[in-house]
Amino acid sequence: KSTSFNMSLRRLAPKFASASFAVNRPAVSVVQKRHLNLHEYQSAAIMETMGVNVPLGFAAKTVAEAVAAANKIGDEEVVIKSQILAGGRGLGTFTNGLQGGVHVIKTSQVEEYASKMLGGTLVTKQSGAAGKPVNELLIAKKMDLINEMYFAILLDRASGGPVIIACSEGGTSIEDLAESNPEAIVKVPIHPIEGITDAQAAEVVKGLKVTTDLEKAKAQVKALYKLFVEKDCTMVEVNPLAEDSKGVLMAADAKIGFDDNAEFRQKDVFAQRDESQEDPREVAAGKWDLNYIGLDGNIGCMVNGAGLAMATMDIIQLNGGKPANFLDVGGSASEKQVMEAFKVITSDPSVKALLVNIFGGIMKCDIIAAGIVNACKELTLEIPLVVRLEGTNVDKGKAILAASGLNIITADNLDEAAAKAVKAIS
């Protein structure tokens, strides 16, 4: 349900990996990783500043801007692209019935298509069933491409640094290619300190099967790696990386992810974040330093500590229930953060009961209890609330709950709490 899980390239890492590149990841992980993603037109603009060749294109937020952009390009035909933070746009479907989020059209048709696409919702393989809102379009010059390839840089846990993934077949689903023809995919690990060498750039170019100027192609590979390093990227994906009829190698489509830990030195990049493409609950939680991920169950969870949160979700399922979310309030949450956590969880209409599981170490149970009581009173909580407290100041915390006069279901251990939460909605 969360965009945090929709990074297809990361899911594919085990498929790309040879024995020496095996990525040992758990089958399921819900520990939130916030990686900023930008739209294609934003990524292209950043690439261009780093010396990467990109097609001519202009962003448009209105139909009038789209028409003006097409006229500025001045060709008989242009490419009109929906700007959403999900892959598979070309094969996607708008909820209004329009097929495809990317079209090659005559300039005279731009007004018609822009009217249908702007303000619509595009559903793709990677967007989730709800789709993503299309608030912007990219009007791009139609390129005469003669060869399409796939190129990406991501972080590889096994090699302890960046790895370049290259394939001579691009412009299509890399997921399918990894299944059907994995030997066509070339992987080149890069030393994080030494950086990319001329020999490694040549190896990548060979794997791409570039047919034009090899030296210029190597320069483009190095420019893309420079972008990855200098902009603190977690991923750079170009699909397709293409050659045009004039022999120019360019990033015909691009997706870039950025490390949120680098926000302090990439302020201009992070200022471009499009929150309309994200789960509003995750956006709200992030503003209060709460780690939240929406799931598809009906028992809301508020827990301190990622490990305990995972265990809580497991025990809910063992008792026959389904967790509605992962929410870690951290080790030093304030009463206000507890209040905001309740607001985020209860904003999900599928939540029919709320389970609070706190093990007080640095976190004090009395602070959590006070936050719970205040949240219940302010929000007029109408769903069953089960609370299990243990650890620092637990007696004070239980006393606060007991004196509140609220209908709070208490439990002394996690299994009992989970069983009571499931029973409350049965």
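# Questions on a predicted chain: sheets, cores and local backbone

User: Among contacts in the protein chain between residues at least 6 apart in sequence, what percentage join residues at least 24 apart?

Analyst: The model is predicted, and its protein chain has 14 helices and 20 strands. When contacts in the protein chain are counted between residues at least 6 apart in sequence, the share that joins residues at least 24 apart is 70%.

User: What percentage of the residues in the protein chain is buried, and what part of the exposed area do carbon and sulfur atoms supply?

Analyst: The C-alpha atoms of the protein chain fill a box of roughly 80 × 50 × 40 Å along the principal axes. Of the 426 residues in the protein chain, buried ones make up 50%. The chain exposes about 19,100 Å², and the part of this area supplied by carbon and sulfur atoms is 52%.

User: In the open sheet with the order 2-8-3-5, which strands stand at the edges, and why is one side of each left without a neighbour?

Analyst: The sheet has four strands, and their pairing is antiparallel. An edge strand here has a single partner strand, so one side of it is left without a neighbour in the sheet, and this applies to strand 2 (57–60) and strand 5 (102–106). Neighbouring strands of this sheet are turned against each other, direction ignored, by an average of 25 degrees.

User: Which helix packs on this sheet, and what angle does its direction make with that of strand 8?

Analyst: Strand 8 (residues 137–141) pairs with strand 2 in the antiparallel sense over four bridges, and within strand 8 the residue opposite A59 is L138. The helix that packs on the sheet touches strand 2, strand 3 (77–82) and strand 8. This is helix 3 (residues 63–73), and its direction makes with that of strand 8 an angle of about 10 degrees.

User: In the open sheet of order 4-6-7, which residue is the bridge partner of T121?

Analyst: This sheet has three strands with antiparallel pairing, and strand 4 (93–94) and strand 7 (132–133) stand at its edges, each with a single partner strand, so that one side of each lacks a neighbour in the sheet. Strand 6 (residues 121–123) pairs with strand 7 over two bridges in the antiparallel sense. The bridge partner of T121, found in strand 7, is P133.

User: Which helix gives the most to the largest nonpolar core, and with how many residues?

Analyst: Nonpolar side chains tend to be buried together in soluble globular proteins. The largest nonpolar core in this model has 39 residues, and those with the most contacts inside it are M47, F151, I164, V236 and F258. Another core lies apart from it and has 32 residues, among them M339, A341, A375 and V394. The helix that gives the most to the largest core is helix 7 (residues 214–230), with seven residues.

User: Leaving aside its neighbours within four places in sequence, which residues does V236 contact?

Analyst: V236 belongs to the residues with the most contacts inside the largest nonpolar core. With neighbours within four places in sequence left aside, its contacts are M47, F151, A152, I153, L224, L227, F228, K255 and I256.

User: Is N298 buried, partly exposed or exposed?

Analyst: N298 is found in the loop between strand 15 (291–294) and strand 16 (299–303), and beyond its neighbours within four places in sequence it is in contact with residues including K322, S350, K352 and I425. Its C-alpha atom is separated by 14 Å from that of K420, which is 122 residues apart along the chain. At a relative accessibility of 28%, N298 counts as partly exposed.

User: Which residues cover the two faces of strand 17?

Analyst: Strand 17 (residues 325–328) pairs with strand 15 in the antiparallel sense over four bridges, and G294 stands opposite N325. In a regular strand the side chains alternate between the two faces of the sheet. Both faces of strand 17 are covered, with buried residues on each: N325 and L327 on one side, F326 and D328 on the other.

User: Where is the cis peptide bond between N239 and P240, and what is its omega?

Analyst: P240 has its place in strand 12 (residues 233–244). The peptide bond that joins N239 to P240 is cis, and its omega is about 10 degrees.

Methods:
Residues numbered from 1 in each chain as written. Heavy atoms only, no water. Pairing = 2+ DSSP bridges. Axes fitted to C-alpha atoms, helices over the stretch in contact; angles between N-to-C directions. Contact = heavy atoms within 4.5 Å. Core = buried A, V, L, I, M, F, W, Y, C linked by side-chain atoms within 4.5 Å. Buried < 20%, exposed > 50% of the residue type's maximum accessible area, 1.4 Å probe, protein only. Areas by Shrake-Rupley, 256 points an atom, 1.4 Å probe, with all protein chains shown as cover.
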